[in-house]
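Please open the model in a viewer and keep the selection panel at hand. The tour below proceeds stop by stop, each beginning with a selection.

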Amino acid sequence: VLAKANYQPVRLMSILRDVQAEYRHIPAEAIDILAVALKIPRTQIIAVVEFYSFFHLTPQGRYDILISDSITDRMLDKENLLSYLSSALKVKVGEVRADGLVSLNNTSCTGMCDQGPAGLVNGLALTRLDRPKIDEIAILIEGQTPLQEWPAHLFAVNDNIHKAGLLLNASFEKGTAIQAAFSNGTSSTLAELDYSGLRGRGGAGFKTAMKWRFCAEEKADAHYVVCNADEGEPGTFKDRVLLNSYADQVFEGMTLCAAIIGAKQGFLYLRGEYLHLYDKLQATLAQRRDENLLGTDILGLGLDFDIEICLGAGAYICGEESALIESLEGKPGIPRNRPPYPVSSGYLNKPTVVNNVETFMAAANIAIHGGDWFAKVGTEKSTGSKILSICGDCAKPGIYEYPFGTPIRQILDDCGAEDVMGVQIGGPSGTFISNQELDRKLAFEDLATGGSFIVFNHSRNVLAIAQNFTHFFAHESCGFCTPCRVGTSLLKNQLDKIVNGHGSAGDVAELEKICQLVKSNSHCGLGQTAANPILTTLQRYPDVYEKQLKDISYEPGFDLDGSLAIARRMAHRDDAAAHLSQVEE
Ligand code: SF4
């Protein structure tokens, strides 16, 4: 394992993955060996293992099953299926069965919201789970059938492309983007990219040409290109489809970037939940090397560049670019202080471009078809198209591509959404809009999204939605800064109190106060947006919150009289004065 990683501490993530594949956890002895061989402190290795939810210090089952706890999985009866799975496998949720054969737990969204309820077995995606499939899985596990022999239908992952537009329909031939860049000159290619108006598709919307130019202008002995394929925002799965069916365009976009900024090495940071894509992507890279589209002297143009795939390990925060870079360097994915920005000090403190999968794909196509081809679609401030992952209450969940500026109402019509109560745009960190706002537009200047688009009909409870998202943030907070670490837990507890019927008007006021505190004092985007599910639903549905409240201005968040019952039993008294009702009178 160490030799495969060239004894490099920056390869710690892949080393740990290999160790865990062998031992089902990271044994203490392995940590000792790694610390000596990699010349890093044991505590640093333990910190990495503890940070990522897919690494374990204690053994997991030989079949380790994780069930996605995304809101869309819950809408598809995930909770009942999990109980059914738990009794079928005779293992409690969060535990390893006594014989060590199987372990079962929840996990955050696995990026299969268009084909849930979903899960993972030893990291491989399971889709469209139902009771017959669970019965089948239970038999396979009890029979100790190797995963390679499980029926393929359990692992079937479909692209579900329902509407292709500018990018998904673009004609593309391997190598043409690189050739175009060299025949037109890299600086005029960068000028075309600038003219196209392309902005980062991960959500933040920074101008791509500007990012590449800043990075190219940095003087350094090495530059790096990083493709962020860690789409962890619940409801987002479009990068999964792009990597499955359009990987060449993504890799070509990365190569184009390398030519412009002067990089020799690139990384695709693939979220751990997409392990099923790993071998296929490696084969695509190998094919590109065979065709001299990667490696040395690419297409005889004097460009040397190659791409390595690094797998994440179940940490949503690694979608944040500086956290992703930390993870690439084999560390816990804790966001860095900025500035300096990655364009001047990124991977190994060298100038680094980090862009989303869709951004690289768009850049490759702009190099081929020109900036005007892209710029004439969309709006003035949001040029081009956006690829959406649509899921939730609609007849045809899947991938849809629209020109920016398209009204939300049209998107809902196309995906077969009826009786719409609201739409979560941009995932939990985005905006919840009500059915009174369906004429708003998909655009950076109105409703921006990295791709997540979740539809809710009137059968859904807006509080349950806000609660699921708030729990998600509390779980995914990296814990580095206090406002987010403590604040997201306070938000979770306070919202639970209201949802469980113990809230008062004072509690809502307190909830809003905590929201503002977390929003304005957190270190990175996770904390700064963690209150959005509460703020955007509270603003639109104050009546739903009010209905949950008791009339008094303060109500304890727990059953005080129920807790006093223990004391009454110990004191052997059950007279009226020992009850809360007596005190209230
Ligand atoms: Fe970590 Fe949250 Fe602070 Fe971001 S805001 S650094 S996720 S604790």
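Select Ile65 in strand E1 and look across to strand E4, where its bridge partner is Val121. E1 (residues 63-68) and E4 (residues 119-121) pair in the antiparallel sense over three bridges. Two strands are called paired if DSSP finds at least two bridges between them. Helices (H or I, at least four residues) and strands (E, at least two) are DSSP runs, numbered from the N terminus. The model is predicted: local features need pLDDT of at least 70 and side-chain atom pairs count only at pLDDT 80 or more, while totals for chains, interfaces and linings use all residues. Residues are numbered from 1 along each chain as its sequence is written.

Now add strand E3 (residues 102-107), which pairs with E1 in the parallel sense over six bridges. Ser68 of E1 stands opposite Thr107 in E3. Next, show the side chains of E1. In a regular strand the side chains alternate between the two faces of the sheet. Tyr63, Ile65 and Ile67 point one way, Asp64, Leu66 and Ser68 point the other way, and all are buried. A residue is buried if 20 or more other C-beta atoms lie within 10 Å of its own, exposed if 12 or fewer, and partly exposed in between, with C-beta atoms placed from the backbone. Since six of the six residues of E1 are buried, the strand is largely enclosed by the rest of the structure.

**Domains**

Colour the chain by domain: domain 1 (9-51), domain 2 (63-149), domain 3 (162-375), domain 4 (385-460) and domain 5 (463-547). These bounds come from an automatic or database domain assignment. The C-alpha centres of domain 2 and domain 5 lie 29 Å apart.

**Backbone features to inspect**

Select Tyr7, in the segment before helix H1 (12-23). Tyr7 is not a glycine, yet its phi is positive, at about 55°. Tyr7 counts as partly exposed because it has 13 C-beta neighbours inside 10 Å.

Move to Asn292, in the loop between helix H12 (278-290) and strand E9 (295-298). Asn292 is another residue other than glycine with a positive phi, here near 60°. With 14 C-beta neighbours inside 10 Å, Asn292 also counts as partly exposed.

Then select Pro339, in the loop between helix H13 (321-328) and strand E11 (352-356). The peptide bond from Arg338 to Pro339 is cis, with omega near -5°. The peptide bond from Pro339 to Pro340 is cis as well, with omega near 5°. Pro340 is found in the loop between H13 and E11.

**Strands around E16**

Select strand E16 (452-457). Which strand runs parallel to E16, joined to it by four bridges? It is strand E12 (residues 385-392), and the bridge partner of Ile390 in E16 is Phe453. Strand E14 runs antiparallel to E16, joined to it by five bridges, and Val420 stands opposite Asn457 in E16. Five of the six residues of E16 are buried, so E16 is largely enclosed by the rest of the structure.

From E14 (residues 420-425), continue to strand E15 (residues 431-434), which pairs with E14 in the antiparallel sense over four bridges. Val423 has Ile433 as its bridge partner in E15. The hairpin of E14 and E15 has five residues between the strands, and Gly426 takes a positive phi near 90° there.

**Helices H17 and H21**

Select helix H17 (residues 462-476), which has 15 residues and reaches 21 Å from its first C-alpha to its last. This is close to the 21 Å expected at 1.5 Å a residue, the expected span being 1.5 Å times one less than the number of residues. Its buried residues include Phe469, Phe472 and Phe473. Among the elements covering the buried residues of H17 are E16, helix H4 (71-75) and helix H22 (542-547); contact here requires C-beta atoms, placed from the backbone, within 7 Å.

Helix H21 (532-540) also covers buried residues of H17. The buried residues of H21 are Asn532, Pro533, Ile534, Thr536, Thr537 and Leu538. They pack against E15, H17, H18, helix H19 (505-521), H20 and H22.

**The ligand**

Finally, select the ligand and the 14 residues that surround it; the closest are Cys478, Cys481, Cys484, Cys524 and Gly527. A residue is near a molecule if its C-beta atom, placed from the backbone, lies within 6 Å of it. Helix H18 (482-499) and helix H20 (525-529) each supply at least two residues of this shell.

Notes
Two residues are in contact if their C-beta atoms, placed from the backbone, lie within 7 Å.
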